[in-house]
Amino acid sequence: MKGATVLRKMIVDQVSGMSGVEGLVLTDRSGTLLGSTLRDQKMVEYLSFMAGILPMFEQVGFFDQQRVKHVMVRSPSGGPVMLFVTEYEVLGVLSSKEGNSQLLKRNIEKCLVECS
Amino acid sequence: MMELALRELENMGGIRHACLMRRDELLVSTFPNFMYARLCGLAQLFNQMLSCIANTGRDYNEIQIELEDRVLTSVRLGEQGLIIIQTEKEVNLALIDQAFKTMKPHLLEVLQDKNAPQQLKFGVSVEPPVAIAETTTLVEWSDEKQQGLRLLLAEYIGPAALIVLSKVVQEWTDELPNHQRELSVLLERLLSFIDNKEKAEAFRLRASTFLNL
């Protein structure tokens, strides 16, 4: 069993190195910031807010008792923001417009499975 | 006409339901009627998410929430509009993007029509949709109390207050006959949704005053 800190470092290192990733934020499921490679503080705050708000809506049955697995926020002019929701943590990723967001999503999901 | 347009969306692969909102007001929907309250809450959630990201100075206008067996997508239309669609997980996003582009002028027309009725048409209709405030026929209960309590609760748990209050009131009315219902019981149940003890106590005091307990 990998320690939580080691696990987080593995995820951050692997995802940060992926093509198309501009930066990432790791929070716990209540949105408390655990780490970030983003310089844009407003984006860090936004991703933390998003991570924190989702469990509340799951809890009150917004989604038919289903868990949120992934969130993507898209823009007509920029790269998407993605959130990957695991049992205990949420990984927020800011990606570039040029990359293939669906491919990046699959690669990150694969990394999260391998690192867990 | 608008419902037909939404139906055409459903004819495209993978799209199950769609609806058009103006703020948190449902204009037209092909979702089942029992989803009404949930759609209004979802619209609040999506609007809040999009408003917050606007503070980052970027022009994000679409949110996809992937659940275990479905995806909820919301796209902002103009200043006040929001379209929400429910799709299967493996949906062709390019197809949906194209459909939105085609439909956007029509959707904006509906949004700008001030005479558009609050609920135009419901696709999977069994009974007319019932607003949350109308779902309660309680002794010592009123729309004003429901609205006031929702606003108060929203200060502590945010937009989830809408759905929390609806759910708790519904359970409360389902479980007890009119003469046995006590507002204090309702209040206790609402308190369980506020994690922070100090905030819960503050809410208790304010809600008790508001409800004359």
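Me: A salt bridge is a side-chain nitrogen of Lys or Arg within 4 Å of a carboxyl oxygen of Asp or Glu. What makes the meeting of B:Glu66 and A:Lys105 a salt bridge?

Reply: This is a predicted model, in which local features need pLDDT of at least 70 and side-chain atom pairs count only at pLDDT 80 or more, while totals for chains, interfaces and linings use all residues. Side-chain values use heavy atoms, without hydrogens and water. The side chains of B:Glu66 and A:Lys105 meet at 2.9 Å, N to O; the cut-off is 4 Å, so the pair qualifies. The count between chain A and chain B is three salt bridges.

Me: How do you know what area chain A and chain B bury between them?

Reply: Buried area is the accessible area (1.4 Å probe) that two parts lose on being put together, summed over both. For chain A and chain B this comes to about 3200 Å², 59% of it on carbon and sulfur atoms. Contact means heavy atoms within 4.5 Å, and 34 residues of chain A are in contact with 34 residues of chain B.

Me: Why is the set that includes B:Met49, B:Ile65 and B:Phe203 called a nonpolar core?

Reply: A nonpolar core is a set of buried (under 20% relative accessible area, 1.4 Å probe, protein chains only) Ala, Val, Leu, Ile, Met, Phe, Trp, Tyr and Cys residues joined through side-chain atoms within 4.5 Å. The largest such core has 65 residues, and B:Met49, B:Ile65 and B:Phe203 have the most contacts inside it; Met, Ile and Phe are therefore among the permitted types. Leaving aside neighbours within four places in sequence, B:Met49 is in contact with residues including A:Phe49, A:Ile53 and B:Ile65.

Notes
Residues are numbered from 1 along each chain as its sequence is written. Chains are lettered from A and ligands numbered from 1 in the order in which they are written. Buried means under 20% relative accessible area, exposed over 50%, partly exposed in between (1.4 Å probe, protein chains only).
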